[in-house]
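Please find below my notes on the model, set out as numbered points. They take up one helix, the nonpolar cores, one loop residue and one pocket in turn.

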Amino acid sequence: MIPVQFCYYKAIQLGDASIATILQFVGPFFIIFYLALFRRQKPSRIEVISTLIAFLGVIILATHGDLTQFAITPAILIWGLLSAVGSASSALIPQSLLNKYSAIAVTGWGLITAGIGLIILQPTFVKIDLNFETILLLLGVIVLGTVIPFYLFTNALKYISATTASMLDAFEPISATVGRSYFLV
């Protein structure tokens with residue numbers, strides 16, 4: 001879970017959220033590559049087509065269509081692609097654990113381990129004014145934006161393949177946009 005979160009936020013810090021999100025959703029390519037290389041699973045036609053379209057989108061994003069130069073910095077591209085690798089890892093690694101443990105246990109231990117790891121990696125704490133609104137917003141990000149989505153994603157891995165789950169995960173920005181528009185109206 002650390003690469004998904006840390007690398008994603010690093011890409012946002014260096015660029016912006018839209019670029020970081022687009023780069024993160026190249027994760028299915030890494031899943032398909034891993035499954036083909038290490039588990040000898042041949043990807044379906046739709047997986048290959050979707051992956052090629054995603055990479056074409058990344059190339060257009062990174063170059064703005066001019067293949068002679070980058071439109072984004074190499075650092076943003078690297079952090080964004082590392083986030084995609086993290087996204088692939090968070091879809092592949094839990095599968096074997098889910099045969100033995102519940103999705104809530106796998107998610108909980110993953111989040112706790114990631115939290116401790118991130119505190120070690122980035123031991124900086126920002127002083128914030130803890131008022132009711134700040135606590136409510138913080139709880140919203142933690143519960144609605146992290147715990148529930150990671151739990152639902154991990155639980156889905158019991159029923160569908162990692163490739164399918166990660167491709168469906170690409171709809172998350174759309175649902176976030178619709179949800180944001182609905183709640184701000």
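**Notes on the predicted model**

1. In α5, the buried residues are Ile76, Leu77, Gly80, Ser83, Ala84, Gly86, Ser87, Ala88, Ser90, Ala91 and Leu92. This assignment, like everything that follows, rests on a predicted model. As background to such a list, an α-helix has 3.6 residues a turn, so residues three or four places apart point the same way.

2. The length of α5 can be checked against its residue count: at 1.5 Å a residue, its 19 residues should span 27 Å, and because the end C-alpha atoms are 27 Å apart, expectation and model agree.

3. The largest nonpolar core is made up of twelve residues, namely Ile31, Leu35, Ala88, Ala91, Leu92, Leu98, Ala103, Val106, Phe153, Leu157, Ala162 and Ala165. Two or more of these residues come from each of α3 (27-38), α5 (74-92), α7 (103-121) and α9 (162-169), and the greatest share is that of α5, with three residues. A second core, separate from this one, has ten residues, among them Ile19, Val26, Leu77 and Ala84. Leu77 and Ala84 also appear among the buried residues of α5.

4. Leu98, a member of the largest nonpolar core, sits in the loop between α6 and α7. How buried or exposed is Leu98? Its relative accessible area is 10%, and because buried means under 20%, Leu98 counts as buried. Leaving aside residues up to four places away in sequence, Leu98 touches Ala103, Val106, Thr154, Leu157 and Lys158. With the same exclusion, Ala103 is in contact with Leu98, Tyr151, Thr154 and Asn155. For orientation, the C-alpha atoms of Leu98 and Val4 are separated by 19 Å, the two residues being 94 residues apart along the chain.

5. The second largest pocket holds about 390 Å³ of space. It is lined by 20 residues, of which Met1, Ser90, Ile93, Pro94 and Gly110 are the closest to its centre. Ser90 is also listed among the buried residues of α5.

6. Which elements supply at least two residues each to the lining of the second largest pocket? They are α1 (2-14), α5, α6 (94-97), α7 and α8 (132-156), and α7 gives the most, with six residues. Sorted by class, this lining consists of 14 nonpolar and six polar residues, with no charged residues. The helix α5 thus deserves attention in both settings, since two or more residues of the largest nonpolar core come from α5 and at least two residues of this lining do as well.

Definitions and conventions:
Residues are numbered from 1 along each chain as its sequence is written. This is a predicted model: local features need pLDDT of at least 70, side-chain atom pairs count only at pLDDT 80 or more; totals for chains, interfaces and linings use all residues. Side-chain values use heavy atoms; hydrogens and water are left out. A nonpolar core is a set of buried Ala, Val, Leu, Ile, Met, Phe, Trp, Tyr and Cys residues joined through side-chain atoms within 4.5 Å. Buried means under 20% relative accessible area, exposed over 50%, partly exposed in between (1.4 Å probe, protein chains only). Helices (H or I, at least four residues) and strands (E, at least two) are DSSP runs, numbered from the N terminus. Contact means heavy atoms within 4.5 Å. On a 1 Å grid over the protein atoms alone, a cavity is a set of points where a 1.4 Å probe fits but cannot get out, and a pocket is an open set with protein on both sides within 12 Å along at least five of seven lines; lining residues have an atom within 4 Å of a point. Grid points are joined across faces, edges and corners, and a volume is the space filled by probe spheres set on the points. Ala, Val, Leu, Ile, Met, Phe, Trp, Tyr, Cys and Pro count as nonpolar, Asp, Glu, Lys and Arg as charged, and the others, Gly among them, as polar. The expected span of a helix is 1.5 Å times one less than its number of residues.
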